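This note is offered to a colleague who is meeting the structure for the first time. The points below concern the ligand and its surroundings, followed by one helix.

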Amino acid sequence: MSQVNGFTQMVAGSAFMTLEQFIIEREQEAPGSKGQFSRLIRDISVAAKIVDRDVRKAGLVDLYGETGDINVQGEVQAKLDLLAHEEFVRALRRGGEVCLIGSEEHAEAIPLLFDDCQGKYVVLFDPLDGSSNVDVNVSIGTIFSIYRIPDDHEGNVTMQSALQCGRKQVAAGYVVYGSSTMLVYTTGAGVYGFTLDPSIGEFLLSHPQIRTPEDGTMYSANEGNYNSWSRGLKDYIKWMQTEDEATSRPYTTRYIGSFVADFHRNLIKGGVYIYPANARNPNGKLRLMYEANPMAFIVEQAGGIASTGHGPILDVEPQALHDRTPLFIGSPRMVEMATEYLRGERVYEG
Ligand code: FBP
């Protein structure tokens, strides 16, 4: 096994570690573990493979376009949004490890409690992130966040059981359906990336111990909203766009419009994703429980920062399943600077 650019270069025929082997190894390190968590991650990876299959042939099997329904976000629901939602609900229901699900595509939490349900977990997820890109072959993704049911909720699991602050997550991850399909997740002990090898239908460990660069020169923001941004944020954008060789400015804008894809690129190469509050979205656009929180857990584990602009995302106390939040996430130096400008602690002097 050799290292190229920090990524493990697998030599043909050598010890590719599958996701299943990886989680079983991890499970053996966890005293008293009964395998429920491992089975849960396995169930999520099975659903991801099915969604990957459908996304890759969507144009051939009439899976592009809308269902005609408006989802709880007030957005037109894409057929693939609904399909991905159903695939993950089916896999989590069949697995039996989960007793409550929250989905971007469903107004209320979905209880999975039935007679002999031993489920210990709550899973909140965005079945298909980047809906605006679904029909045009641009990378999209799935984001998931996992909590344990609080002890005092055992046997009486309600929506409240899911409304825990991000610091209480036991695991979080995402799948990006891009030029290749990757599943990236953390359980609070480092961030690991697995690439799907379609020829054997297995997720293989390709990115062990992901660390995000301290700083970067790429930013992801919908500058179409620039005029509705605060003075501070406009200053930060101007600072990044100013010519200055010594600080590698101007920085580069990279905005795919799929949070998962923008986040993944910035995680690997360094960069910052910004979706602030603006006139149209006074609380921001991204959803706290199944977009911001899981990515915040991952980025902090990789050495990055996730902020509302005024404090860590993971410390926000949720009020409702579909809460929104302003989001500044990515390389620590860039998030620090962006939020200092936002708070007026820095001003642009040209
Ligand atoms: P959904 O697609 O899951 O609703 O996610 C929100 C999202 O599409 C992000 O993936 C993306 O970064 C952002 O909204 C794009 O918003 P806008 O079109 O306002 O820039």
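Which element gives the most to the shell around the ligand?

1. The model under discussion is predicted. In answer to the question, strand β7 gives the most to the shell, contributing three residues.

2. The ligand sits in the second largest pocket. Two elements, β7 (121-129) and β15 (272-275), give two or more residues each to the shell around the ligand.

3. The ligand has 17 residues around it, and those that come nearest are D129, Y255, F259, Y273 and Y275. Sorted by class, the shell holds seven charged, five polar and five nonpolar residues.

4. Several polar side chains can be placed relative to oxygen atoms of the ligand. For N222, a side-chain N or O atom is 2.8 Å from an oxygen atom of the ligand. The corresponding distance for E104 is 3.2 Å, and a polar side-chain atom of E75 lies 3.5 Å from a ligand oxygen. Of the 470 Å² of accessible area that the ligand has on its own, the protein covers 89%.

5. Helix α6 (residues 259-269) deserves a separate remark. Nine of its eleven residues are buried, so the helix is largely enclosed by the rest of the structure. Buried here means under 20% relative accessible area. The buried residues are F259, V260, A261, D262, F263, H264, R265, N266 and L267. One of them, F259, is also among the residues that come nearest to the ligand.

6. Following α6 is G270, which has a positive phi near 95°.

Key:
Residues are numbered from 1 along each chain as its sequence is written. This is a predicted model: local features need pLDDT of at least 70, side-chain atom pairs count only at pLDDT 80 or more; totals for chains, interfaces and linings use all residues. Side-chain values use heavy atoms; hydrogens and water are left out. A residue is near a molecule or strand if one of its heavy atoms lies within 4 Å of it. A polar contact is a pair of N or O atoms within 3.5 Å; within protein, one must be able to donate a hydrogen and the other to accept it, and residues adjacent in sequence count only if both atoms are side-chain atoms. Accessible areas come from the Shrake-Rupley method with a 1.4 Å probe; for residues, only the protein chains shown count as cover. On a 1 Å grid over the protein atoms alone, a cavity is a set of points where a 1.4 Å probe fits but cannot get out, and a pocket is an open set with protein on both sides within 12 Å along at least five of seven lines; lining residues have an atom within 4 Å of a point. A molecule sits in a cavity or pocket if more than half of its atoms lie within 2 Å of its grid points. Helices (H or I, at least four residues) and strands (E, at least two) are DSSP runs, numbered from the N terminus. Ala, Val, Leu, Ile, Met, Phe, Trp, Tyr, Cys and Pro count as nonpolar, Asp, Glu, Lys and Arg as charged, and the others, Gly among them, as polar. Buried means under 20% relative accessible area, exposed over 50%, partly exposed in between (1.4 Å probe, protein chains only).
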